[in-house]
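Reader: Please take me through this model feature by feature, with the cut-offs stated.

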Amino acid sequence: MEELIKRAGLEDIERKVMADKRLSFEDGLRLYQAPLLAVGYLANLKRERLHGKKAYYVYNQHINYSNECINLCKFCAFGKPKGHKEGFTLSLEEIEQKIKERLQEPIKEIHIVGSVHPDLPFDYYVEIVKMVRRLRPEVVIKAYTVTEIAHFARISGKSEEEVLQILKEAGLQMLPGGGAEVFSSRVRQELCPKKLSAERWLSIAKLAHQLGIPSNCTMLYGHIETIEERLEHLIALREAQDETGGFLCFIPLSFHPKNTKLSHLPGPTAVDDLKTIAISRLMLDNIPHIKAYWIMLTPKLAQVALSFGADDIDGTIIEEKITHMAQATSPQCLTRSELEAMIKEAGYEPVERDGLFRAVTKRVV
Ligand code: V47
């Protein structure tokens, strides 16, 4: 490996990694130009300094309450205008049914997200959280992206702080990481002009953290963004994390072009996926976990990603819609034994966790 790092001219970056020193924007650019195995080796050094051989997964359930959306971002195959034949909005009863159907399973996280809906009232979103909390007192409720929180504030006339407090009192414990996309205003203007600005996304995420609601964060890559814009995005997240420490996990989201307005684009290659995971691990020195989201990467590439900086592969999922509407070829759910076997074969030690990354000690089959 020394030879590999030397040939790639990355000895100075290796020294920084070994000394837990922060990498610069220029270091990030050099890493993107370096050979994959050299970058992966450095990311794995960092990953093992943080987590040793542990690799996390969660027994979770996804609920997508609606795809009817007023934003209709160009990269999204999930959102549909109201009245579209593929549009859906679940009633509270239908959501209750989905939760009740799986009450016998030892689910540790319920991940609830939807769209920026044209007419659902704020109460609907609060009632979902209350109902899940009532049916499942123990589960970690991870619900509503920062984008949805901004929308709730607008429709309810309440401040973002009030919205977050009400949801927290109802039982919400953390926010998922979606809606960040790429912070570049050029990209946002082109792909998602109706979406909240990067500054607002970051300020609401930080507000949630200050109110005791941690969150995840993401970057959607592999469309029209430049490498420089990716690195600026990572550095903006790193700076926000320096302020609050509230991001638990970063999820690089590999763009799926099918059925979107960007279907002419090829989407990222496997090399780009692995390099982006590795460089995220190296740049985001203050975010504890990096997730290889198997739904977007495929289980095969997510397994390899564990040696390229990722320490988490998300979970069992059960019924994913956002990526599958963009024709993802991955399955819709994996069992705990499948996830554990994937992790073990990759040379890591599986650790079942809950939504807040706390190890599950009392395991119920
Ligand atoms: O915000 C939309 C992205 C996100 C596409 O927090 C797409 O644990 C790829 O954020 N191709 C939602 N990506 C998913 C998300 C997420 C997923 C899993 C775990 C967590 C977590 C968060 O998906 C959206 C958007 O950035 N997205 N369309 C697409 N065609």
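Reader: How are the strands of the sheet that holds β1 ordered, and is the pairing parallel or antiparallel?

Author: Strands of a sheet pair through backbone hydrogen bonds, either parallel or antiparallel. In this predicted model, an open sheet of three strands has the order β8-β1-β9, with parallel pairing. Helices (H or I, at least four residues) and strands (E, at least two) are DSSP runs, numbered from the N terminus. Two strands count as paired if DSSP finds at least two bridges between them. β8 (312-315) and β9 (349-353) are at the edges with a single partner strand each, so one side of each has no neighbour in the sheet. From one strand to the next, the twist averages 25°.

Reader: How many bridges link β1 and β9?

Author: Five bridges join β1 (residues 54-58) to β9 in the parallel sense. V58 has R353 as its bridge partner in β9.

Reader: What conventions apply to the numbering and the atoms?

Author: Residues are numbered from 1 along each chain as its sequence is written, and side-chain values use heavy atoms, with hydrogens and water left out. As the model is predicted, local features need pLDDT of at least 70 and side-chain atom pairs count only at pLDDT 80 or more, while totals for chains, interfaces and linings use all residues.

Reader: Which helix lies across β1, β8 and β9?

Author: Helix α15 (residues 336-345) does, running at about 165° to β1. Axes are lines fitted to C-alpha atoms, for helices over the stretch in contact, and angles run from 0 to 180 degrees between N-to-C directions. Contact means heavy atoms within 4.5 Å.

Reader: What is the order of the strands in the sheet with β3?

Author: The order is β2-β3-β4, again an open sheet of three strands with parallel pairing. β2 (60-64) and β4 (140-143) stand at its edges with a single partner strand each, so one side of each is left without a neighbour in the sheet. The twist averages 20° from one strand to the next. Strand β3 (residues 109-113) runs parallel to β4, joined by four bridges, and E109 has V140 as its bridge partner in β4.

Reader: At what angle do α11 and α12 cross?

Author: The axes of α11 (residues 227-244) and α12 (residues 270-283) cross at roughly 35° and come within 10 Å. On the α11 side the contact holds R230, L231, L234, I235 and R238, which meet D272, T276, I279, S280 and M283 in α12.

Reader: Which residues are closest to the ligand?

Author: K142, G177, G179, E181 and K291 are the closest of the 24 residues that surround the ligand, counted by a heavy atom within 4 Å. A side-chain N or O atom of K291 is 2.8 Å from an oxygen atom of the ligand.

Conventions:
Polar contact = N/O pair within 3.5 Å; in protein donor to acceptor, adjacent residues only side chain to side chain.
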